[in-house]
Each structure stands twice: as structure tokens, then as C-alpha cells.
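Good morning, colleagues. Please take a moment to look at the sequence and the model on the screen before I begin.

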2 protein chains.
Amino acid sequence: MPRPKAFDEDQALDAAMRTFWANGYEATSTEDLCRATGLGRSSIYNTFTSKHELFKRALVRYTELTTTGQLTLLDDETRPAKDRLRDLFDAVIEGEVENRRGERGIGCLTVNTTVELAGRDHEAAELLARDQQRRLDAFEAVIRTGQRDGDITSATPPAELARFLTAVIAGMRVAGQGGADIPTLKAIASTAMGAL
Amino acid sequence: MPRPKAFDEDQALDAAMRTFWANGYEATSTEDLCRATGLGRSSIYNTFTSKHELFKRALVRYTELTTTGQLTLLDDETRPAKDRLRDLFDAVIEGEVENRRGERGIGCLTVNTTVELAGRDHEAAELLARDQQRRLDAFEAVIRTGQRDGDITSATPPAELARFLTAVIAGMRVAGQGGADIPTLKAIASTAMGAL
DNA sequence: CCTGTTTTGTATTGATCTGTCCAAAATTAG
DNA sequence: CTAATTTTGGACAGATCAATACAAAACAGG
């Protein structure tokens, strides 16, 4: 029987994900990935095939972790719609608090990848589109509920409000990477909530 | 007396700027820059010193062109504040219409650079911070005027509204790069304007 | 037309990049 | 303990990277 791997695959994937997240795809070398994961080249190529394949898996893992967490908040039908949206913004800000390098945020891997790769990496673009659709659908459902129940007074179509909120969140991520502090991000979120 | 350059420096800078804009800093090779500008390596290094120096000049040029254009709209005191903000959003969307590659936008060089480089390129980060401050100041002044004149009813502090609007614009850029079409971008802008 | 200066094209450097190769080490089943 | 299989480390291959060297071409002033 085969010799078992001496490392945990998911743990290695997390380390790779974090490296791509912090430095981007192009600026991350395979040696960076070796250092971050603690693995040798052979182990990496043996289990993940190529840098690009590893990146795709890291991206999928990121979206699974974050989007699933966000959908859990958004789909909680025991709470009023507007509260759920507020919870989501709080979670986004909480994430920004946790993921800082110096005085700046490291952003969000999906936003970073959209900016860096979506225009020339068809596979990454497709993964991102799928993830985005999941989030848009969840937003739309919450907003629809909120409008029905009256805690969202804006008459703008749910799909448009959903697009608006995802754009604001992306903008907050960029602002964080540009050096905006946490109170500033909270103010942006609060203003966005005011639009509902 | 010296032999004159056989090319227009600003024209070459524009071509380089556009290449960095469309592909990012890391993904742009010096050979890409030669092809885009039509120059040989020697000419490029002779006039721009290095890839990084050329990038900084391209970034400065980009901010000069776009931010100056935006400030012209925002500072036009002959028009009501809210109209000026609407004009700005229209201009942003107009820019997105013009700068598309296939079905996606190529974003905004300042947003792209914030995402790709701000965290590890101190010089780029400083250029971006200066440019952002100019825009924030202009936004703040318009908003203050609008609140005084009554066409902006939100009581949120001008500085916070300014941050909100720049975040929304960054988010629109990201959305465009993610494949959002023009009507979608218009809906986002219109919702943002509703928050005022 | 010549002289001095700069630009420009080409070849090249040395570093770094992704990915492969191969043999040694490690592990389990029998 | 042996055989079969996989992982692992380190060296290596080939391509590409940013940047330089250098000589020839191009130009302006006298």
C-alpha cells in the first residue's frame, strides 16, 4: 500500500490560499508557495498539478469558506431582513479587522482575482461568476423579504439593490486595501444601509 | 547638438499606461511595453529608467487625466451639487462604456493598482493616497454645498458621504470587470445617489 | 562635411520563473 | 523481512524576466 502523505492537504491549501490572497496570483512564485505551505516542489506538483490548478482550488476554497458563511447569515429566516443585512456588513468589517497587514487590509480574494485575472483567465472568471451569482441570489431573496415585511422601504427592484450592496462591499474591500480604517468602513456600510 | 527622439514621449507613456491598465503591473513584461509603445528596449530604458519608474509615471499620468476631469465636473459651481454628482457618475459609466475588452471592463488603473500593489509598493501607495485625497476633498466640498443648499437631504457628515461615494465607484469598477453590463452599473449609481 | 552627442537595434547578462526528473526514503501488505 | 508503491528532496531544464553593453545610425551646430 502507498506511503501516506506527510501533510494535511487542506492545511496546505489554506496556506496557499492565504499567499495568493495577500500577494496576488502573478506576484506569488512557486517558491513562495513552498515556503508558505512548508512543502517541497515535488509534493506541491504531485498533489496540485500546477500553480494555476492550485490557484483555482485555493479560489474555490476561499469562496466556499466565505460565501457559505455569508449565506448562513443572509438565509437566517428567524431574523428581520434588514438585521440580516446589517449582520453581513458587520461580518465583512470583522473580516477586515482580522486580515490586515500593517495599516492596510489585504482585501478579498474574489475581488482581488476579479481585478487581476478575470479579464484574461477564463476559468477564474467562471468560478467568480458562479460565486457572485450565489451571493446575488441570497441578497435578492433577503431584500424581497424585507420589502414585503416593510423593514426595507426602498422600492428599487431587489436585483438592483442586490447589485448595489455587492458593489458597496467590493468598494469597502478596495478602500481597506487603500488604507481606510475601521470606523471609515463602518461609516460606508452604515450609509449603504441607509439607502434601503 | 543631440539627436532628437524619434517618438513622442507622452504618446509612448499613454501606450504604456494603457497596457498596465489592461493587464496589471506584474503581468506586463518589458517586451509587452516595447510592443505597445513601438519602441525598442533601449529607447524605453533610456527615457524611463526602469519598468517600475515607467509604471509610476503611467500611474501619475492616469490620475492626472482622470482625476482632473472628475474635479472639473465636481468643482463646477454654476450647477447644483446633486447634479454635479450625477454628472460624475455619468462620466464614470461613460468611461466604462469606452474601456471594455470583450464583455468586461478593464476597470480603473487606480483601483487596479490599489488591489494589486498598494500593500507592497510603498511608492505606488503614496501616489494613490495623494490622488484619493484630492478626490475626497472635492467630493466633500460638493456634498457640503449640497447639504447647505438643501438638494442633499442626508444629514450624514460630508466626509462620510464622500467615502461612501468613492467606495461605490470603486465597487462599480470591480463590478464592470466582473462582467456587469451598463444598465447594471447605472442602477448601482442611481441607488447610490438615492442615499443622498 | 565633419565633430560631438544622443538615440536606437541587437546581443547578451544574470537572475528567476514554472515545471520535470530521478533516486533515495518511507510506509504498508503479505 | 521483503516487495510494491508513493512521497519527498534536490538537482536540473528550458523559458522568460528585467536590465545592460556596445556599436552603428542619426542628427544638429559649426
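I shall speak about the contact between the chains, then the enclosed and open spaces, and finally a few single residues.

Please keep in mind throughout that this is a predicted model.

Let me begin with the interface. On the side of chain A, 33 residues are in contact with chain B, and 33 residues of chain B take part in return. Between them the two chains bury about 2,800 Å², and 70% of that area is on carbon and sulfur atoms. Which residues of chain A lose the most area to chain B? They are A:V115, A:F164 and A:T191, which together account for 19% of what that side buries.

I turn now to the open space. The largest pocket holds about 700 Å³. Its lining is made up of 38 residues, and those closest to the centre are B:Q70, B:C108, B:T110, B:R135 and B:R173. From chain A, helix 8 (158–177) gives two or more residues to this lining. From chain B, the elements that do so are helix 1 (9–23), helix 4 (51–74), helix 5 (81–98), helix 6 (109–116), helix 7 (122–149) and helix 8 (158–177). The largest share, seven residues, comes from helix 4 of chain B. Sorted by class, the lining of the pocket has 18 nonpolar, 13 polar and seven charged residues.

Next come the enclosed spaces. How many cavities of 30 Å³ or more does a search of the whole structure find? The search finds four. The largest cavity has a volume of about 370 Å³. It is lined by 27 residues, of which A:T110, A:V111, A:Q132, A:R135 and A:A170 are the closest to its centre. At least two lining residues each come from helix 4 (51–74), helix 6 (109–116), helix 7 and helix 8 of chain A, and likewise from helix 8 of chain B. Helix 7 of chain A gives the most, with seven residues. The lining of this cavity divides into 13 nonpolar, nine polar and five charged residues.

Helix 7 of chain A, residues 122–149, is also the place of A:D131. Is this aspartate, A:D131, buried or exposed? A:D131 counts as buried, because its relative accessibility is 4%, and the threshold for that class is under 20%. Leaving aside neighbours within four places in sequence, A:D131 is in contact with three threonines, A:T63, A:T67 and A:T110.

The cysteines deserve a word as well. A disulfide is a covalent bond between the sulfur atoms of two cysteines. Over all chains, the search finds zero disulfides. For B:C108, the nearest cysteine sulfur is that of A:C108, 18 Å away. B:C108 counts as buried because its relative accessibility is 5%. B:C34 is likewise classed as buried, at 12% relative accessibility.

My last residue is B:S154, which is found in the loop between helix 7 and helix 8 of chain B. B:S154 is counted as buried because its relative accessibility is 14%. Not counting residues up to four places away in sequence, B:S154 touches B:Q147, B:L161, B:A195 and B:L196. Of these partners, B:L196 is 42 residues away in sequence, with a C-alpha to C-alpha distance of 5.1 Å from B:S154.

That concludes my presentation, and I thank you for your attention.

Technical notes. Residues are numbered from 1 along each chain as its sequence is written. Chains are lettered from A and ligands numbered from 1 in the order in which they are written. This is a predicted model: local features need pLDDT of at least 70, side-chain atom pairs count only at pLDDT 80 or more; totals for chains, interfaces and linings use all residues. Side-chain values use heavy atoms; hydrogens and water are left out. On a 1 Å grid over the protein atoms alone, a cavity is a set of points where a 1.4 Å probe fits but cannot get out, and a pocket is an open set with protein on both sides within 12 Å along at least five of seven lines; lining residues have an atom within 4 Å of a point. Grid points are joined across faces, edges and corners, and a volume is the space filled by probe spheres set on the points. Helices (H or I, at least four residues) and strands (E, at least two) are DSSP runs, numbered from the N terminus. Ala, Val, Leu, Ile, Met, Phe, Trp, Tyr, Cys and Pro count as nonpolar, Asp, Glu, Lys and Arg as charged, and the others, Gly among them, as polar. Buried means under 20% relative accessible area, exposed over 50%, partly exposed in between (1.4 Å probe, protein chains only). Contact means heavy atoms within 4.5 Å. A disulfide is a pair of cysteine sulfur atoms within 2.5 Å. Buried area is the accessible area (1.4 Å probe) that two parts lose on being put together, summed over both.
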